[in-house]
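Student: I would like a close look at a single part of this model. Please start from one residue and work outwards from there.

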Amino acid sequence: MQRRQVFRYGAAGVGALGLTLLVGWWREDGPGAPEPTGQRPLSLSAMDFRLTDHDGNDVGPQTLIGRPSMVFFGFTYCPDVCPTTLSDISGWLDELGEEAKRMNVVFITVDPERDTVDAMAEYVGYFHQAIRGWTGPEQQIARAIDGFRATYEKVAADGDYYTMNHTASVFLFDAKGQFVTMIDYHEPREFAVPKIRRALKEETTGAT
Amino acid sequence: MEKLIRTNALAALLAVAGFSAPLMAGSEDVVIEGAWSRAAIGVNRPGAAYMTVRNTGDAPVTLTGLETPLAVMPEIHETSTNAEGVSSMAPAGKITIAPGDSIELAPGGLHAMLMQLQEPMTEGETFVLTLEFSDGGEVTAEVPILGIASRGPEG
């Protein structure tokens, strides 16, 4: 009787230990593991999201394949980082001149609630004409963010006002949609433009 | 009669001198340089203004707030970008400037965030922005509004 009880406790103990290990594995390495940060973005061909550009066209990651691409996230209610990024990019594109015409340049909003197609159209109109503005349902934006291994978060402020924290880096892909590199916010122009040239060059390397 | 006026004027002068000296400790030596802002679309989007705030005096000064007829809620904010490249923005609170020192309100860092605009920020126009200091002093700047895509007064 006593022996059986010991066995029972023992079995329960092993069971509990097994469960703990299983839960541990699930959380740490298994499907329940949190996404590690700082990962490389997927290739554009491996991404899956559907958005609308500022002219009302249906667009997605496949739209970008065939030309080198420069993609970044932001929102038009952003007073500081976003206009600075857009004007930096406009400056880089001016410097690249004719070469820039071989590129896709896409600004994806992380604030679809306020950034409608019309809002995106008006906003991008103030910057370099190569810049396309993409928006769409929140769920599709989230899928895009996930593919780029980027993050965004809505932050409430006073009253109805809210702001968005978001990845401010500019992502570069070659013509095949493979991730090349990214340009961090604040990176000096003398580093940015050669990085873009590298993405442009990988297109020709890929073609031969 | 003339004497009385003169006495009054003198009293007023003394009063101003007497009151302003202990109240104003430093902010009268604050100079604003290179102020500019970006145009904004409509009045729902917040605006941003940039400048250098220089303390040319011998005492530290503390910038406590902003005031402008352009916006209901002007506030100094700071943008920061972490190691993962994620940018966020938060009120900067009070900022003390040491004697001879200056703070830079520039894109991607400190900026005067202009929330709840009363009127649109139109390129080519200017607005008045008042900086308030802890000694009760105020320094006012006339801020030109440049284009949305502008990177500053130099282009």
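Student: In which helix of chain A does C82(A) lie?

Tutor: C82(A) lies in helix α3 of chain A. Keep in mind throughout that this is a predicted model.

Take the helix itself before the residue. α3(A) covers residues 81-96 and has 16 residues in total. From its first C-alpha to its last it reaches 22 Å, which is close to the 22 Å expected at 1.5 Å a residue. Just after the helix comes G97(A), with a positive phi of about 60°.

Next, how the helix sits in its surroundings. Of the 16 residues of α3(A), 12 are buried, so the helix is largely enclosed by the rest of the structure. The buried ones include V81(A), C82(A), P83(A), T84(A) and T85(A) at the start of the list, and W92(A) and L93(A) at its end. In general, an α-helix has 3.6 residues a turn, so residues three or four places apart point the same way.

Now C82(A) in particular. A residue is called buried when 20 or more other C-beta atoms lie within 10 Å of its own. C82(A) has 24 C-beta neighbours inside 10 Å, and therefore counts as buried. If its neighbours within four places in sequence are left aside, C82(A) is in contact with G74(A) and F75(A).

There is also a record to consider. An unreviewed UniProt entry lists C78(A), C82(A) and H166(A) under "binding site". These residues are spread over 89 residues of sequence, yet they cluster in space, with a largest C-alpha distance of 10.6 Å. C78(A) belongs to the loop between β3 (69-74) and α3 of chain A. C78(A) is also buried, because 25 other C-beta atoms lie within 10 Å of it. For contrast, look at N57(A), in the loop between β1 (51-53) and β2 (58-59) of chain A. Only a residue with 12 or fewer such neighbours is called exposed, and N57(A) is exposed because it has 12 other C-beta atoms within 10 Å. N57(A) and V117(A) are 60 residues apart in sequence, while their C-alpha atoms are 9.8 Å apart in space.

H166(A), the remaining residue of the UniProt list, leads to the other chain. Strand β7(A) pairs with strand β5 (residues 86-91) of chain B in the antiparallel sense, over 2 bridges. Within this pairing, H166(A) has S87(B) in β5(B) as its bridge partner.

The pairing leads on to the contact between the chains. In all, 28 residues of chain A are in contact with 24 residues of chain B. On the side of chain A that touches chain B, α3 (81-96), α4 (117-124) and β7 (162-167) each supply at least two residues. The largest share, 6 residues, comes from α3(A). Sorted by class, this side of chain A has 11 nonpolar, 13 polar and 4 charged residues.

The helix also takes part in the interior. The largest nonpolar core has 50 residues, and those with the most contacts inside it are F107(A), I108(A), V170(A), F171(A) and L172(A). Here too, the largest share comes from α3(A), with 6 residues. Take L172(A) as an example: beyond its neighbours within four places in sequence, its contacts include M70(A), V180(A), M182(A) and I196(A). Apart from this core lies another, of 27 residues, among them A49(B), M51(B), F127(B) and L131(B).

A short look at chain B completes the setting. Its secondary structure comes to 1 helix and 10 strands, with the helix placed before the strands in the order from the N terminus. Of the 155 residues of chain B, 30% count as buried. Strand β9 (residues 126-133) of chain B pairs with β10(B) in the antiparallel sense over 7 bridges, and in it T130(B) stands opposite T140(B). The hairpin of these strands has 4 residues between them, and G136(B) there takes a positive phi near 90°. β10(B) is also joined by 2 bridges to strand β1 (residues 30-38) of chain B, and that pair runs parallel. There, R38(B) has L146(B) as its bridge partner.

To return to the starting point: C82(A) is a buried residue in α3(A), and that helix gives the largest share of chain A's side of the contact with chain B.

Methods
Residues are numbered from 1 along each chain as its sequence is written. Chains are lettered from A and ligands numbered from 1 in the order in which they are written. This is a predicted model: local features need pLDDT of at least 70, side-chain atom pairs count only at pLDDT 80 or more; totals for chains, interfaces and linings use all residues. Two strands pair if DSSP finds at least two bridges between them. Two residues are in contact if their C-beta atoms, placed from the backbone, lie within 7 Å. Ala, Val, Leu, Ile, Met, Phe, Trp, Tyr, Cys and Pro count as nonpolar, Asp, Glu, Lys and Arg as charged, and the others, Gly among them, as polar. A nonpolar core is a set of buried Ala, Val, Leu, Ile, Met, Phe, Trp, Tyr and Cys residues joined through C-beta atoms within 7 Å. The expected span of a helix is 1.5 Å times one less than its number of residues. UniProt positions are given in the numbering used here, feature names are shortened, and annotations may be inferred rather than shown by experiment.
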